[in-house]
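User: I have a structure open and would like to go through it with you. Could we begin with how the helices are arranged and then move on to the side chains?

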Amino acid sequence: SVDAHRGLAEALSRNGHHQRALQGLETAARRFPDSATLLQSQGALYARLRRPGLALECLEKALELEPGNPETLLNHGICAEQVGDLKAAETSFQRALVARPGFPAAHFHLAHLAVHQPDANEIASIEAALADEPQGQALIDLEFALGKSLARIGRHAAAFKAFIRGRQAMADRSPFDIEMTLSRIRQIGALPHKVAPPEPTSLIFIAGLPRSGTTLVDQILDSHPGARSLGESGLVQRLLQGYSKLLGHPYGAKATALTEAQRTALAEGLRRDLPSDGRVTVDATPGNLLYLGLLAELLPEAKFIYCLRDSRDTCVSIIEQPLTGAHGYANRLEDLGRYCRASFRIGTHWTETLGNRLHRVHYEELTSEPEATIDKVLTACQLPPDAACLDFHLNRRPDITPSAAQVRQPMSTRSIGRWRHYREFLDPLLRELPQTTFYTP
C-alpha cells in the first residue's frame, strides 16, 4: 500500500539510509503514479538531500493532485525559496495558511522570507495560535514568527520579548553545556599544527560565526566562472570522523602532533570527496572556524576566508534566527556573548598563525564598498576579476541556509547597526563582548 511504502521510506531516512529511502519511493511512485502522498514524501526527501530542484518537480505534481495540502504547500515554499523563486515561496506559504490557519511552520517561514511584509491580520493569526498554548517545535516556530513579524513593522521591544520566549523554549527542549563548549574551543586553540607552505589555490574554506556574512561571500564566489561552491557540505565533519578513527580520540581532546603518515592519510581521505573539474572549490560551513589549523596543515592548496561582522549585529541576528543542533549557546544572552568572545579569540589566533593563507572580510566593508572588497577577495583566492561577482544576487544556484532569501537581494547596508533596536535588552550580552569585536571604520 501507499502508506506502507511511505512508512518504510521514513524509517530508512530517519536511520540515515536516504538513498535506499529514495529508491523505495521512486519505485512506489511508478506503481502508484497518482499518489500525492508519495510525491510529497519524495519531494521532502529530495529537499533533505539538498536537491531542491528535483523536490519542486515532485511537489508541483503532488499539488496538481491535491492543491490544498498544507504540508505539500509548506515544502514547496521552502524549496522555492532555496532556488530563489521568492514570490512563489511567499504564495505557497500563504496558501498553506489558508489551508491550515495558524500553521506554525508556515508562519515561521513566511515571517522569515526576506521579501515579505506582514500585516495586522497575519500577526493576529500568530497571536491566536500562541493563545492555544502550543508545545515543542510549534511553540518555537510561532514565537520566532511573531518576533520577526513585529520587528518588520518596527515593534522591536515586543519582538525581542518574543525571540527570548522562543529561546527559552529551545533551552527547555535541548539543554546546552556552555562550559564544555568553551573548554573545547580552548583545547582546539592550543593544539600544535605544522602549517604547510601554501601552494596554488584550488580550495577555499569560508569560516566565521553564523550570520557574519559567510553565505554572502559564498554566493559571490560561486558566481565566478572559475569557482564552484559545495555550500555547507559536511566535508569537515567527515574529516573529523576520519581523525577520530585514525587517532582514537576526537580532534581537540589531546594536544597531539600528527605524523607525516597520518597527515597523508587524512588529506587523501578529504581530497577523495572533492570535485576535480578545474575550478576552485569552496566550502562555506561557518563552523570551519574551529578547524582552520588542521585544514591548513593537511591541505597546502587551501586558503581561508574569515568573515567578520560587528559582534553586536552578529549576535542580534543569531538571536532572531533559531539555529538548531550545536547552536544552543544562543539561547541565553550571557552564553551567546561568551561564545562569541571565544570565537573571536580563536579567529585572531588563526589570523596570526596562517598569515597570507587567511583573508579577513568585514561584512560592513563588503556591503558599503562591494566592488573594492570583492576585488580583494578574488585576489586572495587567486581568481581574476569578474563582473558576475557583483551581480551575485542573480545567481540561482540552490541555497539551503537561513540566508537563502537574503542572498537573492542586491547588496545593502540596511542591517548594519540593527542591534540598536534592542539596546535596552542587551546588557547581559554586551557585558561579555569586548570592544575589539565591534566594527570601527
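**Helices, rings and charges**

Analyst: Helix 1 and helix 3 cross in a left-handed manner. Please keep in mind that this is a predicted model.

User: What is the angle at which the axes of helix 1 and helix 3 cross, and within what distance do they come?

Analyst: The two axes cross at roughly 15 degrees and come within 10 Å, helix 3 being residues 36-48. That angle makes helix 1 roughly parallel to helix 3. Two packed helices are described by exactly these quantities, the angle between their axes and the distance between the axes.

User: Let us stay with helix 1. Which residue forms a salt bridge with Asp3?

Analyst: The partner of Asp3 is Arg6, and their closest N and O atoms are 3.8 Å apart. Both residues belong to helix 1 (residues 2-14), where a spacing of three residues separates them by about one helical turn.

User: And are they buried or exposed?

Analyst: Asp3 is exposed, with a relative accessible area of 52%. Arg6 has 29% relative accessibility and counts as partly exposed.

User: How many salt bridges are there in the whole structure?

Analyst: A search of the whole structure gives 18 salt bridges. Side chains of opposite charge can pair when their charged atoms come close. Another example joins Glu260 to Arg263, with the closest N and O atoms 2.6 Å apart.

User: Where do Glu260 and Arg263 lie?

Analyst: Both are in helix 14 (residues 260-271), three residues apart, which is about one turn of the helix. Glu260 counts as exposed at 52% relative accessibility, whereas Arg263, at 11%, counts as buried.

User: What about Arg418? Which side chain does it meet in a salt bridge?

Analyst: Arg418 meets Glu320, with an N to O distance of 2.5 Å. Glu320 lies in helix 16 (residues 311-320) and Arg418 in the loop between helix 19 (370-380) and helix 20 (427-430), so this pair ties together parts that are 98 residues apart in sequence. Glu320 is buried, its relative accessible area being 3%.

User: Which residues are linked with Arg418 in a network of salt bridges?

Analyst: Lys148 and Glu320 are linked with Arg418 in such a network.

User: Now the aromatic side chains, please. How many aromatic pairs are there?

Analyst: The count comes to eight aromatic pairs. One of them is formed by Phe144 and Phe163, with 5.9 Å from centre to centre and 40 degrees between the planes, and this pair is tilted. Phe144 is in helix 9 (residues 136-152) and Phe163 is in helix 10 (residues 156-173), so the pair ties together parts that are 19 residues apart in sequence. Both of these phenylalanines are buried.

User: What kind of pair do Tyr243 and Tyr251 form, and why?

Analyst: Their ring centres are 5.2 Å apart and their planes stand at 85 degrees, so the pair is edge-to-face. The cut-off behind that step is that planes over 60 degrees apart count as edge-to-face. Tyr243 and Tyr251 are both buried.

User: Which residues form one aromatic cluster?

Analyst: Phe160, Tyr422 and Phe425 form one cluster of this kind.

User: Which rings have an arginine lying over the face?

Analyst: Among them is the ring of Phe103, where Arg100 lies over the face at 4.4 Å from the ring centre. Another is the ring of Tyr363, where Arg309 lies over the face at 4.5 Å from the ring centre.

User: Let us change to the backbone. What is phi of Arg211?

Analyst: Phi of Arg211 is near 70 degrees, a positive value in a residue other than glycine. Arg211 sits in the loop between strand 1 (203-208) and helix 12 (214-222), and at 15% relative accessibility this arginine counts as buried.

User: And phi of Gln382? What is that value?

Analyst: Phi of Gln382 is near 60 degrees, again positive in a residue other than glycine. Gln382 is found in the loop between helix 19 and helix 20. At 45% relative accessibility, Gln382 counts as partly exposed.

User: One last item. Where is Thr437?

Analyst: Thr437 is in the segment after helix 20 and is buried, with a relative accessible area of 6%. The C-alpha atoms of Thr437 and Ser311 are separated by 5.5 Å, although these residues are 126 residues apart along the chain.

Technical notes:
Residues numbered from 1 in each chain as written. Predicted model: local features only at pLDDT ≥ 70, side-chain atom pairs only at ≥ 80, totals over all residues. Heavy atoms only, no water. Phe/Tyr/Trp six-rings, centres within 6.5 Å; stacked < 30°, edge-to-face > 60°. Helix = DSSP H or I, 4+ residues; strand = E, 2+ residues; numbered from the N terminus. Buried < 20%, exposed > 50% of the residue type's maximum accessible area, 1.4 Å probe, protein only. Lys NZ or Arg CZ within 6 Å of the ring centre and 35° of its normal. Salt bridge = Lys/Arg side-chain N within 4 Å of Asp/Glu carboxyl O. Axes fitted to C-alpha atoms, helices over the stretch in contact; angles between N-to-C directions. Parallel < 35°, antiparallel > 145°, perpendicular 65-115°, else oblique. Left-handed = near helix turned anticlockwise from the far one by under 90°.
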